[in-house]
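Student: I would like to take a close look at a single part of this model. Please start there and then place that part in its wider setting.

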Amino acid sequence: MFNQGSNNAPSPESVVPFFVFSAISWLVGLVFIAFHPNAVLNSAYFNETMLTITHILVLGFVTSVIFGALFQLLPVIFIQRIYSERLTKSIFYLLIFGTAGLSSSFYFGSNGVGLTLFGSLLNLAVILFVINVWKTIGNSQQNKVPRLFIKTSAVWLMLTAIAGLFLAINFLIPFLPFSHLELLKVHAHFGIIGWFIFLIIGVTSVLIPMFLLVHNLDQRPLKFAYFFLLFSLLLGVVSKLSGLEILLYTSYGLGIIGFIYYLNFMHVVYKTRLRRKLDFGLKKTMIAFPTLLIVLLASLLYLLGVKTDFHLSAFYIIVLLIGFVATLILGQFYKTLPFIVWLKIYKPFVGKEKTLLPKDLYNYTILKYQYYSHVSGFILFFGSLLLQLISLFYIGLGLLLVGAILFLINVMQIVLHKKQTL
Amino acid sequence: MNKFNKEEVTEMAIYESLKEVIDPELYVNIVDLGLVYAVILNKETFNVKIEMTLTSQGCPMGDAIIQDVEETLKRIYPGIDVLVVLVWEPSWSMDMVTDEGHAKLNGF
């Protein structure tokens, strides 16, 4: 009758596994970095260990949680039931086997057969995901600009996966008419900017104002951000394939303007929020945004041709992934997973008896220490990359690892929660 | 369970009872959030109609909050028939939050 978000929500069984797999992957990815620090400190595109770590993080940690969260949040944002729950379960198994297989194939020496096989599984997962997202959103008239971002991000994900599969096949049978390194760069940019950033902008532009109680926002900055980022990406691809450097600089310039429009939108949200006091989940979400300024600065330095002791483009990708995307995700976990589990366990008892609240499903002290260790960890981690200091690198990484362990403890506590009576 | 006399139940009493319904995300009750627009009680049939809104359309906790309203009133006033009507006009704004609600949202 009311067509509310929680009425449309899929069953927790079809989304919670994505969250658990993501939390485990975050820890595993950091452990790999601890055992192979040179893969990150001396980042180069075709370093196999770096590719292993990158795929554990971008597929296992980020993409998994995005899939799970999106299947939960699409009904909220667009007030529609998810198109197919059965598809979400198939997508999960394809993603988990594809990620584990692809990462292992990289780790054990870029096995072309393994890369192609597991790359195909991931492509299938992506096709099913895109169908589920597009069919769910359909012609919903809710949140038009975020809808544009989310639908477009699904297309970029598809292109990322196809480019990845081409690279894998090229390992087996070289067929590309140009350098595979150029396609690798395109693959990375499709994934990071096209998939992650478009998706994150689409989702956060609805959810953050909802959590912070902000209404009647001017959507024009978001629209501008959309077009600047879209043209930036397209020009970037053309420049890589054509070798025209001027297009690459134009692409960076447009991208920077797009990010500025988005940051300006989020700044207005933050300044005009009714909810002044933020919980740790929201604090962690909000602290992710200033890291985008570091990304912008790194892009600007690259654009101006400034020479540095470290690989600027690799640095900006690491800051974007571990600084912005990871911090945002670790914060938003606490704004999604406890609610999913709470609705399943306590909704039948709401109003009939006193129940716990979603925030009671996890340990607040653990969250607090997770927050401090993660934030101090990534500051030291980035500092170590800038200064190329190995001791600082290990301290930063150690703190990130502590944060990841605390995070996993809290996630398991939420997932394994049993009903309690007050 | 509280004993009550049907004749003595008032719209104001029901309105006050709704302070037991807490928004699970904001930890503030729906009355102080200004979500309850009207309480219309028919004493003869012992029906109550609650006109209320949510902080945003498609609020993920909306269904749970509506259920909480219905069940809380049925628990406090056994035999009452509750109808919750969601309305979006006027749309909810921060002006509707009580001083107490503001204080809670600001963490005081």
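Student: Where does Ile22(B) lie in chain B, and what surrounds this part of the model?

Tutor: The model is a predicted one, and the account below should be read in that light. Ile22(B) sits in the loop that links α1 (11–17) to β1 (36–42) in chain B. Because 19 C-beta neighbours fall inside 10 Å, and 20 or more would be required for a buried residue, Ile22(B) is classed as partly exposed. If residues up to four places away in sequence are set aside, Ile22(B) touches Tyr27(B) and Asn29(B). A further relation concerns Val69(B): the sequence places it 47 residues from Ile22(B), while the C-alpha to C-alpha separation of the two is 9.4 Å.

The loop leads into β1(B), and from there one can turn to the strands. β1(B) and β2(B) run antiparallel and are joined by six bridges. Within this pairing, Leu41(B) has Val48(B) as its bridge partner in β2(B), and Val39(B) has Ile50(B). The hairpin formed by β1(B) and β2(B) has four residues between its strands, and Phe46(B) adopts a positive phi near 55° there.

Strand β2 of chain B covers residues 47–52 and has two unlike faces: Val48(B), Ile50(B) and Met52(B) make up the covered face, whereas Asn47(B), Lys49(B) and Glu51(B) make up the uncovered one. Both bridge partners named above, Val48(B) and Ile50(B), thus belong to the covered face. β2(B) also pairs with strand β3 (residues 81–86) of chain B; six bridges join these two strands, which run parallel. In that pairing Glu51(B), from the uncovered face of β2(B), stands opposite Val85(B) of β3(B). Between β2(B) and β3(B) the chain passes through helix α2 (residues 62–76) of chain B, giving a β-α-β crossover that is right-handed. Val69(B), the distant partner in sequence of Ile22(B), falls within the residue range of this helix.

Chain B is in contact with chain A, and the contact draws 25 residues from chain A and 26 residues from chain B. On the side of chain A that touches chain B, α1 (5–8), α4 (48–78) and α12 (312–346) each contribute at least two residues. That side comprises 13 nonpolar, seven polar and five charged residues.

Chain A itself contains 14 helices and zero strands. Its C-alpha trace spans about 65 × 45 × 45 Å along the principal axes. For 422 residues, a compact globule would have a radius of gyration near 22 Å, and the 21 Å of chain A agrees with that value. Of these 422 residues, 49% count as buried. Among contacts in chain A between residues at least 6 apart in sequence, 77% join residues at least 24 apart.

The largest nonpolar core holds 158 residues, and those that touch the most other members are Val62(A), Leu74(A), Val319(A), Val325(A), Phe381(A) and Ile30(B). The greatest contribution to this core comes from α12(A), with 23 residues. Val319(A), leaving aside neighbours within four places in sequence, is in contact with Thr291(A), Ile294(A), Val295(A), Ala298(A) and Phe382(A). Ile30(B), listed among the core residues with the most such contacts, brings the account back to chain B.

Methods:
Residues numbered from 1 in each chain as written. Chains lettered and ligands numbered in written order. Predicted model: local features only at pLDDT ≥ 70, side-chain atom pairs only at ≥ 80, totals over all residues. Buried ≥ 20, exposed ≤ 12 C-beta atoms within 10 Å, placed from the backbone. Contact = placed C-beta atoms within 7 Å. Rg over C-alpha atoms; globule rule 2.2 N^0.38 Å. Pairing = 2+ DSSP bridges. Right-handed = clockwise from strand over helix to strand, strands pointing away. Nonpolar A, V, L, I, M, F, W, Y, C, P; charged D, E, K, R; others polar. Core = buried A, V, L, I, M, F, W, Y, C linked by C-beta atoms within 7 Å.
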